[in-house]
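This report describes a protein model for a reader who is new to structural biology. Please look at the sequence and the structure before reading on.

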Amino acid sequence: MITTIEFTSDDLTMLRGVMSCTAKKSVRRHALNGFHINSDHIVGTDGSRLAKFNTPHFDGELPERGVIIPSIKIPFSIHTVIITIEDDTVTADKYSKQGKTTEVYQTIDAKYPLYRKVLADRGKTALDKIAFNPMLISEVAKATKTNIIQIEFTFGGELSLIYVNIPELPEFTFGIMPARY
């Protein structure tokens, strides 16, 4: 089974944002060291924040449980990335004005967290204080080259998230799990 997904323009910007939310070197939860692709979403989380967007059109099929791909470095000089998934091998073709570069990765063999359960309904929170690390937002802003202007709080008890809306990327969902005191 071979699957190909092409990322350009906003999709590529959102992919950078998703990858900025993946764990960098988690030993205990190695599934978080990559981003997850299924037929619905592309998702990244490090356990403190979560970003997702709808999977762009793809040729082929994706496994029912999806695929976890190690984070890929995508410099801003890259204008197109084509990811090809074949069994447990991922090929990333990156295109820039200087030409094409290719990198090959192995998928991460693990079960990805149930991210859909973390995403709470948006609405006002009953909490009067929520603490979070603003660096979690600035890393995503840097990766997507955007200015973030709206923070939205949710309700849902333990599933509460702080949503960060990026007007330039309305399809991109980014949330932070608030710190508990």
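Which residues are linked in a network of salt bridges? In this predicted model, the network consists of Asp46, Arg49 and Glu139.

**Salt bridges**

Side chains of opposite charge can pair when their charged atoms come close. The structure contains six salt bridges, and the table lists three of them, with the N to O distance of each pair.

| Pair | N to O distance |
|---|---|
| Arginine 49 and aspartate 46 | 3.0 Å |
| Arginine 49 and glutamate 139 | 2.6 Å |
| Arginine 65 and aspartate 109 | 3.4 Å |

Arginine 49 forms a salt bridge with aspartate 46 and another with glutamate 139. The pair of glutamate 139 and arginine 49 links distant parts of the chain: glutamate 139 belongs to helix α3 (residues 135-144), arginine 49 belongs to strand β4 (residues 49-54), and the two are 90 residues apart.

Are the members of this network buried or exposed? Arginine 49 has a relative accessible area of 2%, so it counts as buried, the cut-off for that class being under 20%. Aspartate 46, at 22% relative accessibility, is partly exposed. Glutamate 139 is likewise partly exposed, with a relative accessible area of 34%.

The salt bridge between arginine 65 and aspartate 109 also connects distant parts of the chain: arginine 65 lies in the loop between β5 and β6 (67-70), whereas aspartate 109 lies in the loop between β9 and α2 (115-118), 44 residues apart. Arginine 65 is exposed, with a relative accessible area of 56%. Aspartate 109 is exposed as well, at 65% relative accessibility.

**The sheet and a helix across it**

Strands of a sheet pair through backbone hydrogen bonds, either parallel or antiparallel. Here, five strands make up an open sheet with antiparallel pairing, and their order is β5-β1-β7-β8-β9. Why do β5 and β9 each have one side without a neighbour in the sheet? Strands β5 (58-59) and β9 (99-106) stand at the edges and each has a single partner strand, so one side of each is left without a neighbour in the sheet.

The partner of β5 is β1. Strand β1 (residues 2-8) pairs with β5 in the antiparallel sense over two bridges. Threonine 4 has aspartate 59, in β5, as its bridge partner.

Helix α1 (residues 9-20) lies across β1 and β7 (80-86), and the helix runs at about 100° to β1.

Technical notes: Residues are numbered from 1 along each chain as its sequence is written. This is a predicted model: local features need pLDDT of at least 70, side-chain atom pairs count only at pLDDT 80 or more; totals for chains, interfaces and linings use all residues. Side-chain values use heavy atoms; hydrogens and water are left out. Two strands pair if DSSP finds at least two bridges between them. Helices (H or I, at least four residues) and strands (E, at least two) are DSSP runs, numbered from the N terminus. Contact means heavy atoms within 4.5 Å. Axes are lines fitted to C-alpha atoms, for helices over the stretch in contact, and angles run from 0 to 180 degrees between N-to-C directions. A salt bridge is a side-chain nitrogen of Lys or Arg within 4 Å of a carboxyl oxygen of Asp or Glu. Buried means under 20% relative accessible area, exposed over 50%, partly exposed in between (1.4 Å probe, protein chains only).
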